[in-house]
Amino acid sequence: MLKVKPKKVRKILFIELLIFFFISGLNLKAQHYYSGDFNPDSLKDVTVTGTVIIDSNYEHSFYYLDENNDGSKDYILNFGPNWYLPDEGNAVRPTNGESITITGGMHVMFDSLNVIVVYQINGEFWRDPFEPMWNNMGNHSHNGTHHQGDCNGYAFGFDHDSLNSINLFGTTIIDSTFIFDSYYLDTNNDSIPDYFLNFGPPWYEPNSNIQKPKNGDEISIVGGMLENNSIPMIIVYLLNGLDWRDSNSVGPLLGGGWAQRNMTDSFFVHSTFDDEDYMNIQPGWYNGGRMHGGGMMTDSLFFQIMEVFPHDIPFSENENIFAGYEIGVFQPNGSNNMWNSGGCGGMMNFNSNINFQLHFNNKQLNGSNWSLENIKAKYWDAQTLNWEEISNAIVDLNNSSVSFSFNTLSNFIILTSNSVTSISNSVNNQVGNKYELYQNYPNPFNPTTTIKYSIPLNEKHGTTKVKLIVYDVLGKIVATLVNERQNSGNNEVIFNANNLPSGIYFYELKIGNYVDVKKMILIK
């Protein structure tokens with residue numbers, strides 16, 4: 001029998017009470033033991049078997065797992081908000097005393113029970129930490145998750161419900177289990193979501209300056225509704241009367257279009273939430289023969305381009321991906337030629353080139369900690385089973401886009417880049433009581449230099465948001481070196497300017513209201 005000291009027990013109970021009051025106030029994170037949003041990248045994949053212990057003394061039950069059957073709690077199980085249910089499969093929340101096997105992401109706590117964010121229960125799907133929910137708009141949805149090594153797609157093709165215009169008013173409910181929040185609307189004040197609000201991917205930026213609502217905000221929504229999901233989805237057009245997304249650009253085919261055998265004009269197919277992500281299908285595409293990998297070419301095909309989380313791109317463990325795209329090519333019977341006889345990674349050859357433009361923004365680069373250096377476009381080659389570079393790709397940094405022409409279409413295309421930062425952090429007795437940005441060294445430099453800065457020890461919340469950017473003499477950002485929360489301490493960043501021309505550059509540090517700028521010179 002594992003013995004726990006009384007002091008430890010009191011500490012755990014005290015922490016649980018604090019968490020209870022926090023949860024009761026938000027009515028959102030009923031299974032959240034940890035008050036922050038989990039970053040799936042930082043979670044360790046685990047599979048654990050044990051007995052469920054449910055504490056139902058509070059408004060919403062707390063779930064624990066006893067791994068060694070000694071009657072004590074070994075893990076906290078995070079099933080998401082109390083109302084969360086998976087949109088597929090047969091998994092349900094376990095009962096007290098039930099023996100189960102959990103697969104999930106483990107967050108290591110400093111002085112308490114570790115938290116497991118549940119992905120699967122007894123092999124049944126519960127949730128995908130990187131699910132691109134904004135793409136779940138059709139009946140050809142994914143059959144699982146790329147996480148844990150599955151190889152399925154998210155392209156849904158042409159067979160989906162039509163969009164119905166709708167006006168709604170209600171209270172915002174946010175599932176903040178992960179750092180990329182999911183938004184819902186409660187229209188009848190019962191604290192249960194009635195609609196999923198599709199604001200697009202986390203990196204989507206509306207043309208206006210409006211921000212997404214906060215949890216508990218009363219909002220009005222105008223959008224297009226789909227009812228082919230477990231909960232109706234609203235593609236948001238207007239938020240509180242302000243433009244969020246142009247309904248005309250969404251179109252009736254949601255990121256896709258038909259190519260006919262004898263068409264005489266080219267046409268564009270763009271991703272649903274970025275008009276600058278597109279394929280331009282050219283006349284003469286039909287080759288009258290067999291498709292790559294088997295099957296006969298039909299005289300009409302439905303093309304679709306979708307942007308997904310880089311983590312959802314299979315076979316990509318060794319690639320520095322900051323943007324990932326799934327391409328679907330559907331036959332009139334609804335089957336996806338890119339699924340390669342049921343799996344992903346298929347290819348097709350065409351008589352004419354398909355022109356691509358893939359667009360990205362700073363949010364994508366910052367989120368993956370990549371830079372504007374050495375951007376490449378690659379496709380998955382089903383024959384070599386490797387990522388092959390697209391040799392004719394043109395990178396336009398002014399428009400944040402990559403363009404190329406290709407007559408061999410692959411199921412997956414990625415944009416990769418170099419990391420420009422190598423960050424170290426240490427907290428020691430030499431840390432001062434003020435923010436400090438130091439002069440880079442060496443200066444002038446070629447092509448790398450080190451930038452140091454200091455965060456004082458008296459930060460109230462332990463970590464603080466830090467942003468360190470580099471821009472040229474025209475004010476254009478050329479690299480984002482840091483964009484994250486950091487602990488107090490002395491920090492240094494190695495900046496690699498290998499792909500930048502010689503000249504004067506500036507680096508700017510922003511921490512709360514603190515801003516400092518210094519000049520550096522690159523000489524090649």
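Contact here means heavy atoms within 4.5 Å. With that in hand, welcome to this predicted model, in which local features need pLDDT of at least 70, side-chain atom pairs count only at pLDDT 80 or more, and totals for chains, interfaces and linings use all residues. Residues are numbered from 1 along each chain as its sequence is written, and side-chain values use heavy atoms, leaving out hydrogens and water.

Let us start with the cores. A nonpolar core is a set of buried Ala, Val, Leu, Ile, Met, Phe, Trp, Tyr and Cys residues joined through side-chain atoms within 4.5 Å, where buried means under 20% relative accessible area (1.4 Å probe, protein chains only). In the largest one, which has 70 residues, Leu77, Ile116, Leu197 and Ile234 touch the most other members. Apart from that core lies another of 37 residues, including Met279 and Phe356. Leaving aside neighbours within four places in sequence, Ile234 is in contact with ten residues' worth of company, among them Ile166, Leu168 and Tyr195.Next comes an open sheet of five strands, ordered S14-S15-S18-S22-S21 with antiparallel pairing. Strands are DSSP runs (E, at least two residues), numbered from the N terminus, and two of them pair if DSSP finds at least two bridges between them. Because S14 and S21 each have a single partner strand, one side of each is left without a neighbour in the sheet. S15 and S18 pair over four bridges, and Tyr278 stands opposite Gln357 in S18.

| Strand | Residues |
|---|---|
| S14 | 267–271 |
| S15 | 274–281 |
| S18 | 347–359 |
| S21 | 394–396 |

Finally, meet Pro129, found in the loop between strand S6 (124–125) and strand S7 (164–175). Pro129 counts as buried because its relative accessibility is 1%. Tyr119 lies ten residues from Pro129 in sequence and 7.4 Å away in space, C-alpha to C-alpha.

Methods: Buried means under 20% relative accessible area, exposed over 50%, partly exposed in between (1.4 Å probe, protein chains only).
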